[in-house]
Structures are given as structure tokens and as C-alpha cells.
Amino acid sequence: MSEKTINPILRQVLELGPTILFFLIYLRIKDDTFTLGGTEYTGFIVATLIFVPILLVAMAVLWALTRKLSRMQIFTAFMVIFFGGLTAWFNDERFFKMKTSIVYGFFATILGVGLLQGKSYLQWIMGEFLPMKPEGWMIFTKRVALMFLALAVANEIIWRTQSTELWVKLETFAFPAVLFVFLWAQIVVLQRYLIEPETPPET
């Protein structure tokens with residue numbers, strides 16, 4: 001089934017909206033405690049429980065409109081549901097915080113395995129949108145794998161040593177921004193490896 005195109009602003013809202021809502025909900029209830037089923041939960045855990053269905057609804061709408069979800073989106077959603085469930089079940093916010101480290105670490109591992117096999121799994125994901133020579137893809141993939149690894153390590157250090165409020169802010173804004181700027185910078189640096197689209201001959 002071919003992917004349907006939708007308004008890019010709507011796509012951004014569906015992809016980024018749930019995370020922004022999680023941040024706003026957390027800020028609103030971060031100092032509150034809630035008793036559910038006789039168990040007391042912090043505002044962070046309740047915000048996490050609200051975030052999971054919001055994410056699922058946004059993904060369902062995105063799929064209904066485009067008929068396509070990326071493997072990365074599906075994996076990330078699974079991790080959010082799984083670790084969100086563990087967070088609620090054990091009433092322990094550490095599970096949701098370590099989720100970010102595991103997601104980034106998983107991506108770094110997958111890309112690293114591909115590099116050891118002489119392959120670029122990043123090319124498999126992005127090749128259609130970013131035509132580039134094989135050597136460029138290998139360099140790009142190696143750098144992205146190292147970046148994911150660095151983000152995983154940074155997340156571990158931050159959630160273990162800093163406040164929950166600071167972690168939420170960095171998780172919501174800093175990590176995505178750093179990754180976006182890094183990817184953009186790498187594409188600029190690797191311009192010489194890009195493949196220009198062929199110009200059809202004039203008739």
C-alpha cells in the first residue's frame with residue numbers, strides 16, 4: 001500500500017505533539033501526588049500514563065492519513081508502551097527514564113552491527129530521501145551510530161544525577177534538537193558524496 005501525502009505541518013503536530021503534551025502535563029502536575037487503586041503516584045508517573053494513549057492516538061491518526069509508519073516510529077512506540085507500563089506497575093519512574101538510553105543504545109547497536117557487516121542500515125532507511133554514494137553512507141552511518149551512543153550515555157548520566165524536571169526538559173527539547181542539528185551538519189559536511197538527480201535531456 002503506497003504512502004499518502006499529508007500536510008507537513010499536520011505531520012509534525014502528530015509526530016511531535018504527544019511529547020510536547022507530555023511536557024506540558026508534567027509541568028502542570030509535577031508537584032502533585034495522585035492515589036489510584038489505593039496506590040500513591042507522583043505527577044511524573046501520572047503524566048507518563050497519560051502520554052502513552054496520546055502517543056497511540058497520534059500514531060493511529062498518522063497511519064490512517066498516510067497508511068505508513070516508519071520502523072523507528074513503531075519501535076519507539078513499543079518502547080514507550082513497555083517502559084511506561086513498567087513505570088506504572090512498579091511505581092518507579094526510573095523505568096521510563098532509562099527507556100531513552102535503551103532506544104538510543106539500540107539504534108547505535110543496530111547501526112554498528114551493520115557497519116561490521118560492511119552495510120549501512122541508515123541507507124536502507126533514508127536512501128530514498130537522501131541519494132548518496134556508498135562511501136558517504138558508511139561515514140554518515142558511523143557518525144550517527146556514535147551520536148546515538150553518546151546520547152544514550154548522556155541520558156544515563158543525566159537521569160541518574162539530575163532532577164526529574166531537568167531530565168524532562170532535556171528529553172523533550174535538548175536531545176531532539178542536538179540530534180537534528182547533528183544530522184543537518186553531517187549532511188552539509190558530506191555534500192561531496194551526494195548524488196545529484198539526473199537532468200532529463202532536452203528535446
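The following questions and answers concern a predicted model of a protein chain.

Reader: How many helices and strands are there in the protein chain, and in what order do the elements run?
Author: The protein chain holds 7 helices and 2 strands. Its C-alpha trace spans about 75 × 35 × 25 Å along the principal axes. Read from the N terminus on, the order of the elements is α-β-β-α-α-α-α-α-α.

Reader: What share of the contacts in the protein chain with a separation of 6 or more comes from residues 24 or more positions apart?
Author: The protein chain has 203 residues, of which 36% are buried. Among its contacts with a separation of 6 or more, the share from residues 24 or more positions apart is 67%.

Reader: In which sense do strands β1 and β2 pair, and over how many bridges?
Author: β1 and β2 form a hairpin with 2 residues between them, and G37 in the turn has a positive phi of about 60°. Strand β1 covers residues 33-36 and strand β2 residues 39-42. They pair in the antiparallel sense, over 4 bridges.

Reader: Which residue in β2 is the bridge partner of T35?
Author: In the same hairpin, T33 stands opposite T42 of β2. For T35, the bridge partner in β2 is E40.

Reader: What distance does helix α2 reach from its first C-alpha to its last?
Author: Helix α2, residues 43-66, has 24 residues. At 1.5 Å a residue the expected value is 34 Å, and the model comes close to it. The distance from first to last C-alpha is 34 Å.

Reader: Where does R67 lie, and is it buried or partly exposed?
Author: R67 comes just after α2 and takes a positive phi of about 65°, a positive value in a residue other than glycine. The residue lies in the loop between α2 and α3. Because its relative accessible area is 29%, R67 is classed as partly exposed.

Reader: How far apart are the end C-alpha atoms of α3?
Author: Helix α3 has 20 residues, so at 1.5 Å a residue it should span 28 Å. The model agrees with this expectation, as the end C-alpha atoms are apart by 28 Å.

Reader: Against which elements do the buried residues of α3 pack?
Author: The buried residues of α3 include F75, M79, V80, F83 and L86. G84 and T87 are also among them. The elements they pack against are β2, α2 and α4.

Reader: Which residue follows α3 with a positive phi, and what is its relative accessible area?
Author: α3 is followed by N91, whose phi is positive, near 50°, although N91 is not a glycine. This residue is found in the loop between α3 and α4. N91 counts as partly exposed because its relative accessible area is 31%.

Reader: Which element gives the most residues to the largest nonpolar core?
Author: The largest nonpolar core has 46 residues, and F44, M132, F140 and F148 touch the most other members. Two or more residues come from each of α1, α2, α3, α4, α6 and α7. With 10 residues, the element that gives the most is α6.

Reader: With which residues is F148 in contact, leaving aside its neighbours within four places in sequence?
Author: F148 is one of the core residues that touch the most other members. Beyond its neighbours within four places in sequence, its contacts are Y104, F107, A108, L111 and L179.

Reader: What kind of aromatic pair do W137 and F140 form?
Author: The model contains 18 aromatic pairs. In the pair of W137 and F140, the ring centres are 5.9 Å apart and the planes meet at 45°. The two residues are separated by about one helical turn because they are 3 residues apart in helix α6. An angle of 45° is neither under 30 degrees nor over 60, so the pair is tilted.

Reader: Are W137 and F140 buried or exposed?
Author: The cut-off for a buried residue is under 20% relative accessible area. W137 has 1% relative accessibility and so counts as buried. F140, also at 1%, therefore counts as buried.

Reader: Which residue has its charged end over the ring of F96?
Author: F96 belongs to a cluster linked by ring pairs, together with F22, Y26, F44, F51 and W167. Over the face of F44 lies K97, at 5.7 Å from the ring centre. Over the ring of F96, 4.6 Å from its centre, sits the charged end of K99.

Note on methods: Residues numbered from 1 in each chain as written. Predicted model: local features only at pLDDT ≥ 70, side-chain atom pairs only at ≥ 80, totals over all residues. Heavy atoms only, no water. Expected span 1.5 Å × (residues − 1). Pairing = 2+ DSSP bridges. Phe/Tyr/Trp six-rings, centres within 6.5 Å; stacked < 30°, edge-to-face > 60°. Buried < 20%, exposed > 50% of the residue type's maximum accessible area, 1.4 Å probe, protein only. Lys NZ or Arg CZ within 6 Å of the ring centre and 35° of its normal. Core = buried A, V, L, I, M, F, W, Y, C linked by side-chain atoms within 4.5 Å. Contact = heavy atoms within 4.5 Å.
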